[in-house]
Amino acid sequence: RSLEEFRPGADCGQTTTHPTFVFSLQEFPCSLHPTTTFSRPVHDPAMGSYCRTLHRSLHLLKPITCNWPVTYLASNVFIVTQKLHLCSRQSTHSPSPQPQINDNSVEVLGHVYPRDDMTNVTAKILSKVGRELHNQAHHPLWVIKERIKDHFYRSYLSRSGTPLFSVHDNLSPVVTVEQNFDSLLIPADHPSRKKGDNYYLNRTHMLRAHTSAHQKELVRAGLDCFLLAGDVYRRDEIDSSHYPVFHQMEGVRLFTNHELFARVENGEDLSLFEHGGHRTPQKQETHTLEAVKLVEFNLKQTLTHLIRHLFGEELEIRWVECYFPFTHPSFEMEVRFQGDWLEVLGCGVMEQELVHSAGAENKMGWAFGLGLERLAMVLFGIPDIRLFWSQDERFLKQFRLPNIYDPVTFQALSKYPPLFNDISFWVPAEGYTDNDFYDLVRSIGGDLVEKVTLEDQFTHPKTKKVSHCYRIVYRHMERTLTQEEVRVIHQSIEQAAERELGVQGRF
């Protein structure tokens, strides 16, 4: 497998020797080197085809090169013993070049993208790129990610005893528009593509809005069981549970005909696909009903085990049918938590057109996605999403656990008083959205802004001009703010709103 920690949660500095991989060079017609980094178990029977695609997929990963001692047993067989430093993927990333925005281009992660009429990413948002909170050892998001990884590593093993799922948590958040939308069958006129909801570098590149943007490329690389974690970016409202950068984790599992029906009586007579079928609420036109029901059962069983692993075995769960462009049928899982039903993830049977376009036309499978912040806020009692970005030692030290499963409940820092300031203006007749204003407030006020709400909307009876009144709540996470310093920020927001959004102030 790829060298993502085989024992999640291990402390830096620990070294371990993992099970030996033995394979015949004759079986795998590709050139292997003792320092090759694999992203799936080499015992997998599909390894032959995977090796043939390995050279095309290396650009997807940032491999860790380890010197593996090699002992030749015969002319056609050799044995590889892994000795890994388990902290190598957790917090040792080399510093990335600082993002820059100028009149003609945007530079991020060492690449320059020409600006055009779709460019709307801000310096404040770009400053978050490369932080990778989910890879910072002992950060609460890292703890959640490691618990999920550990569950999958322990629960799903190949016949040889190695983990079935590979994990990918350092893919670049800069993707093409094709990756983010077209590869997932999202229509060209779908509202999720709107400039007002996404951060575009230009017409062809953007900051990913979901980790699903990498599904197609990983399947095309030959992977059929994987977890994927990363930071995602969306323009959104401002309150204690929404932030323009958050973190997702998702999983994909594909099945061949044999893998799905191997335990079914007379399974050799069953098939994943049918010709001349029809799409119904229960299945896609290319799938047989029996295949869909087995995949759906496996998906729901897998996720039920995962969520009960995180929340507890007595957790009450329910499934709600829903719609996603890239799965059918699709479901949301809700859990009964502290008396309320809470949505924790979305999932479904992958659209066969997506699987087929990725080169896995003889397989079908499922996919799911969940938000790490949502799980961490519930499990650890973290009340404000801004806290995840805090570098306050009083926050961070609470999650330095000897073991990732040690219980922890967030102990609130001193609750400093909020300050309320209102802003009113006439909005332009065309082209204005609330998200434009929220993004401007984020850019200027940063994490001092706790919440923004639209308090009033008024249409002048004669001129038909529309006025919006917003209330901005300011609160520092670590000290008391004064009205004087907040007023400076608020005036900057007023001026920028007139200058950049074309509003007419009623200050």
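In this predicted model, strand 15 (residues 327-337) and strand 16 run antiparallel and are joined by nine bridges. The hairpin that these two strands form has two residues between the strands, and within this hairpin glutamine 338 adopts a positive phi near 50°. Strand 16, which spans residues 340-350, is mostly covered, since eight of its eleven residues are buried. On pairing with strand 17 (residues 364-371), strand 16 again takes the antiparallel sense, here over five bridges. Glycine 346 can be followed through both pairings: this residue of strand 16 is the bridge partner of glutamate 332, and its bridge partner in strand 17 is glycine 369.

Aromatic contacts form a second theme, with 17 aromatic pairs in the structure. One of them joins tryptophan 426 and phenylalanine 458, whose rings lie 6.3 Å apart centre to centre with 50° between the planes, a tilted arrangement. This pair links distant parts of the chain, as tryptophan 426 belongs to strand 18 (residues 419-426) and phenylalanine 458 to strand 19 (residues 449-459), with the two positions 32 residues apart in numbering. The two partners fall into separate accessibility classes: tryptophan 426 has a relative accessible area of 13% and is buried because the limit for that class is under 20%, whereas phenylalanine 458, at 33%, counts as partly exposed. Elsewhere, one aromatic cluster is made up of Phe152, Tyr156, Phe165, Trp366 and Phe368.

Charged side chains also meet aromatic rings, and tryptophan 426 appears here again, with the charged end of arginine 506 sitting over its ring. In the other contact listed below, the charged end of lysine 300 sits over the ring of phenylalanine 331.

| Charged residue | Ring | Distance of charged end from ring centre |
|---|---|---|
| Lysine 300 | Phenylalanine 331 | 4.0 Å |
| Arginine 506 | Tryptophan 426 | 4.6 Å |

Helix packing completes the account. Helix 3 (residues 140-155) packs against helix 7 (residues 289-311) at an angle of about 130°, and the axes of the two helices are 10 Å apart. The orientation of helix 3 and helix 7 is therefore oblique, and helix 3 passes helix 7 in a right-handed crossing.

How values were computed. Residues are numbered from 1 along each chain as its sequence is written. This is a predicted model: local features need pLDDT of at least 70, side-chain atom pairs count only at pLDDT 80 or more; totals for chains, interfaces and linings use all residues. Side-chain values use heavy atoms; hydrogens and water are left out. Rings of Phe, Tyr and Trp (its six-membered ring) pair if their centres lie within 6.5 Å; planes under 30 degrees apart count as stacked, over 60 as edge-to-face and the rest as tilted. Helices (H or I, at least four residues) and strands (E, at least two) are DSSP runs, numbered from the N terminus. Buried means under 20% relative accessible area, exposed over 50%, partly exposed in between (1.4 Å probe, protein chains only). A charge sits over a ring if NZ of Lys or CZ of Arg is within 6 Å of the ring centre and within 35 degrees of the ring normal. Two strands pair if DSSP finds at least two bridges between them. Axes are lines fitted to C-alpha atoms, for helices over the stretch in contact, and angles run from 0 to 180 degrees between N-to-C directions. Angles under 35 degrees count as roughly parallel, over 145 as roughly antiparallel, 65 to 115 as roughly perpendicular and the rest as oblique. A crossing is left-handed if the near helix is turned anticlockwise from the far one by less than a right angle, and right-handed if clockwise.
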